[in-house]
Amino acid sequence: MKEVLLGIGGLGVRLVGEGSVDVAMSIPGMTVFACQDIPVSFEIRLDAEMQMPRCHLLHQFDIVDGRMQCRFGVDAEGVYYYEFGKEGFLRYDARCPEIVEINNMCSISVMRFALWTAYSIAGLRFGAVPVHSSVVVCEGKAVMCLGESGTGKSTHTRLWLNNIPDAHLLNDDSPIVRFDGEKVCVYGSPWSGKTDCYLQENYPIAGFLRLEQRKENTIRRLGIVEGFTALQPSCPPCMAKEERCMDLLVDFISNVIERVPVYRMGCLPNAEAALLSHKTIIG
């Protein structure tokens, strides 16, 4: 059996299997997170034999630009199953939370999403959650731009890179936010969308910025309730479909927004927008 240890979001993730380990490590950016000196938090066992059994369907959605339908369900014993377009399968038993199983698959794109899903569900109990965002770093602090696809997250971080000295991109799609019981940090990850930005770095978060396209640049800090509703949609959607996951997610978000300010910004795609958000959040 082959084994590879990854350090993602401050957690040790051990991949175990045969041929699928090579497939997993061929995913762009994955080798950046290979390490040897981190305790194992959970194990992802590849090449498992499984099919999705009869279970209660919780969520159904599309991936790979709408070409593949996925299903998320739970059986009578509380075991979670994911089906990735009849090609890939994942199983997670909360009674054995240190193990996630994924079947043998040859598609790199499906394997990439399966590993993201495995991390999402197993990392939640450690306070580690992939958050759909584009993250820019300045003066040793991170600003996380949130929003629906097409709202200009990547555009806004690019404006920081072009107009704020020493700013750099940490991740452009799915960084890991972790609350370790004391502090909240954001980590680079192997999942950065269409942007090749795979950095084994982490920073304290100066603020979350929920973006909306507007005809003028405005920004305001949100209260606790608004902050929660601004952050929750950027967390993995399957977590809101199951009670145990949602309970853990509510605790996670509550701990995060108690420690990190959340802003809502109406913005234009111009330099003034970047300068305004930088002045407000970083100072």
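These are my notebook entries on a predicted model.

**Entry: the S1–S2 hairpin**

I began with strand S1, residues 2–8. How many of its seven residues are buried? I found five, which leaves the strand mostly covered. Next I looked up its pairing. S1 runs antiparallel to strand S2, residues 11–17, over seven bridges. I checked one bridge by name: Glu 3 is partnered by Val 16 in S2. The two strands form a hairpin, with two residues between them. Gly 9 sits in that turn, and its phi is positive, about 65°.

**Entry: the cavity**

I then searched for enclosed space. The structure holds one cavity of 30 Å³ or more. I noted a volume of about 50 Å³ for the largest cavity. Which residues line it? I listed Leu 6, Ile 8, Val 13, Leu 15, Met 30, Ile 44, Leu 115, Tyr 119 and Trp 191. S1, S2 and H2 are the elements that each give two or more residues to this lining. By class the lining has nine nonpolar residues, no polar ones and no charged ones.

**Entry: Leu 115**

I picked Leu 115 from the cavity lining for a closer look. Leu 115 lies in helix H2. Is it buried or exposed? Its relative accessibility is 3%, so it counts as buried, the cut-off being under 20%. I set aside neighbours within four places in sequence and looked up the contacts that remain. They are Leu 15, Ala 24, Ile 27, Met 30, Ile 44, Leu 46, Ile 102 and Trp 191. Of these, I had already met Leu 15, Met 30, Ile 44 and Trp 191 in the cavity lining. I also took one distance. Leu 115 and Tyr 203 are 88 residues apart in sequence, and their C-alpha atoms are 23 Å apart.

**Entry: the largest pocket**

I turned to open space. The largest pocket has a volume of about 1,200 Å³. I asked which of its 39 lining residues are closest to the centre. They are Phe 113, His 132, Ser 149, Asp 173 and Gly 193. Strand S4 (56–63), helix H2 (108–123) and helix H3 (153–163) each give two or more residues to the lining. Which element gives the largest share? It is H2, with five residues. I noted the classes too: 14 nonpolar, 16 polar and nine charged.

**Entry: Ser 192**

I looked up Ser 192 next. Ser 192 lies in the loop between strand S14 (184–187) and S15. Its relative accessible area is 0%, so Ser 192 is buried. What does it touch beyond four places in sequence? I found Arg 112, Asn 171, Asp 172, Asp 173, Cys 197 and Tyr 198. Asp 173 was already in my notes, among the residues closest to the centre of the largest pocket.

**Entry: helix H6**

I moved on to H6, residues 271–281. Its buried residues are Ala 273, Ala 274, Ser 277, His 278 and Ile 281. Why do they fall on the same side of H6? They cover an arc of only 130° around the axis, which puts them there. I then looked up what they pack against. The partners are strand S10 (134–138), strand S11 (141–146), H3, strand S15 (202–213), strand S16 (218–221) and strand S17 (262–267). Just after H6, I found Gly 283 with a positive phi of about 95°.

**Entry: the S10–S11 loop**

I checked Glu 139, which is found in the loop between S10 and S11. Its phi is positive, about 55°, although Glu 139 is not a glycine. Its relative accessibility is 58%, so Glu 139 counts as exposed.

**Entry: the H3–S12 loop**

I ended with two residues in the loop between H3 and strand S12 (168–171). Pro 165 is found there, and so is Asp 166. Buried or exposed, I asked of Pro 165. At 62% relative accessibility, Pro 165 counts as exposed. Pro 165 lies 27 residues from Cys 138 in sequence and 8.1 Å from it in space, C-alpha to C-alpha. Asp 166 counts as exposed as well, at 73% relative accessibility. Phi of Asp 166 is positive, near 70°, and the residue is not a glycine.

How values were computed
Residues are numbered from 1 along each chain as its sequence is written. This is a predicted model: local features need pLDDT of at least 70, side-chain atom pairs count only at pLDDT 80 or more; totals for chains, interfaces and linings use all residues. Side-chain values use heavy atoms; hydrogens and water are left out. Buried means under 20% relative accessible area, exposed over 50%, partly exposed in between (1.4 Å probe, protein chains only). Helices (H or I, at least four residues) and strands (E, at least two) are DSSP runs, numbered from the N terminus. Two strands pair if DSSP finds at least two bridges between them. On a 1 Å grid over the protein atoms alone, a cavity is a set of points where a 1.4 Å probe fits but cannot get out, and a pocket is an open set with protein on both sides within 12 Å along at least five of seven lines; lining residues have an atom within 4 Å of a point. Grid points are joined across faces, edges and corners, and a volume is the space filled by probe spheres set on the points. Ala, Val, Leu, Ile, Met, Phe, Trp, Tyr, Cys and Pro count as nonpolar, Asp, Glu, Lys and Arg as charged, and the others, Gly among them, as polar. The arc is that of the directions from the helix axis to the C-beta atoms. Contact means heavy atoms within 4.5 Å.
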